[in-house]
Amino acid sequence: MKNPLDPRHTKRQKIIDDLFRVEFHSQRIQPKAQKIYSLKKNIDSQIQKSAPRFPIEKINRIDLAILRLAVYELLYEKKEPPKVIIDEAIELAKEYGGETSSAFINGALGFIVTLQKG
């Protein structure tokens, strides 16, 4: 498990929280979450391609928030290597998601990275 004091992990936790809450309530969210949310249609399209058996509306909302953040970091921000982004997403899934969340997120993000290479 990541060090809870790791500032990058803490920032990601707050973004996941914003992305999760904005699904249910109209509210202010931090700038990075706003960027992700403004690209939601494109990001969700990538998620749908990576997990075609799971329609976006059927994906657990916390898993979807984690995926949206990771896809944004992989495809738009590109500040860290894909392996780092995927590992962090898996850690967040273990921390916030259900029993199968980390495997689902790992598979979806692995598919997206493979598409980007190909």
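Select Arg 68 first: in this predicted model the residue is buried, because its relative accessible area is 4%, under the 20% cut-off. Arg 68 belongs to helix H4. Display its neighbours next, leaving aside residues up to four places away in sequence. The residues that Arg 68 then touches are Leu 19, Glu 23, Ile 36, Lys 40, Ile 43, Asp 44, Ile 47 and Ile 56.

**From H4 to H6**

Keep helix H4 (61-77) on display and add helix H6 (residues 101-117). These two helices, H4 and H6, pack with an angle of about 25° and an axis separation of 11 Å. H4 is therefore roughly parallel to H6, given that angles under 35 degrees are classed in that way. The crossing in which H4 passes H6 is right-handed.

To view the contact itself, select Asp 63, Ile 66, Leu 67, Ala 70, Val 71, Leu 74 and Leu 75 on the H4 side. Their partners in H6 are Ser 101, Phe 104, Ile 105, Ala 108, Leu 109, Ile 112, Val 113 and Gln 116. Coloured by class, the contact of H4 with H6 shows twelve nonpolar residues, two polar residues and one charged residue.

**From H6 to H5**

Now hide H4 and bring up helix H5, residues 82-96. H5 and H6 pack at about 160°, and their axes are 8 Å apart. Which orientation do H5 and H6 have relative to each other? They are roughly antiparallel, because the angle of about 160° is over 145 degrees. H5, too, passes H6 in a right-handed crossing.

On H5, select Pro 82, Ile 86, Ala 89, Ile 90, Ala 93 and Lys 94. On H6, select Ser 101, Ser 102, Ile 105, Asn 106, Leu 109, Gly 110 and Val 113, which these H5 residues meet. Here the contact of H5 with H6 comprises eight nonpolar, four polar and one charged residues. Several H6 residues appear in both selections: Ser 101, Ile 105, Leu 109 and Val 113 meet H4 and also meet H5.

**An aromatic pair**

How many aromatic pairs does a search of the whole structure find? The search returns three, one of which is formed by Phe 54 and Phe 104. Select both rings: their centres are 5.1 Å apart, with 70° between the planes, and the pair is edge-to-face. The pair joins distant parts of the chain, with its two members 50 residues apart. Phe 54 sits in the loop between helix H3 (40-50) and helix H4, whereas Phe 104 is in helix H6.

Are the two residues buried or exposed? Phe 54 counts as partly exposed because its relative accessibility is 35%. Phe 104 is buried, with a relative accessible area of 19%. Phe 104 also takes part in the contact of H6 with H4.

**Two lysines of H3**

Turn finally to helix H3, where Lys 49 is found. Lys 49 counts as partly exposed, at 47% relative accessibility. Draw a distance from its C-alpha to that of Leu 115: the separation is 9.7 Å in space, for residues that are 66 apart in sequence.

Lys 41 is also placed in helix H3. At 74% relative accessibility, Lys 41 counts as exposed. For a last distance, select the C-alpha atoms of Lys 41 and Phe 24, which are separated by 17 Å, with their positions 17 residues apart along the chain.

Key. Residues numbered from 1 in each chain as written. Predicted model: local features only at pLDDT ≥ 70, side-chain atom pairs only at ≥ 80, totals over all residues. Heavy atoms only, no water. Axes fitted to C-alpha atoms, helices over the stretch in contact; angles between N-to-C directions. Helix = DSSP H or I, 4+ residues; strand = E, 2+ residues; numbered from the N terminus. Parallel < 35°, antiparallel > 145°, perpendicular 65-115°, else oblique. Left-handed = near helix turned anticlockwise from the far one by under 90°. Contact = heavy atoms within 4.5 Å. Nonpolar A, V, L, I, M, F, W, Y, C, P; charged D, E, K, R; others polar. Phe/Tyr/Trp six-rings, centres within 6.5 Å; stacked < 30°, edge-to-face > 60°. Buried < 20%, exposed > 50% of the residue type's maximum accessible area, 1.4 Å probe, protein only.
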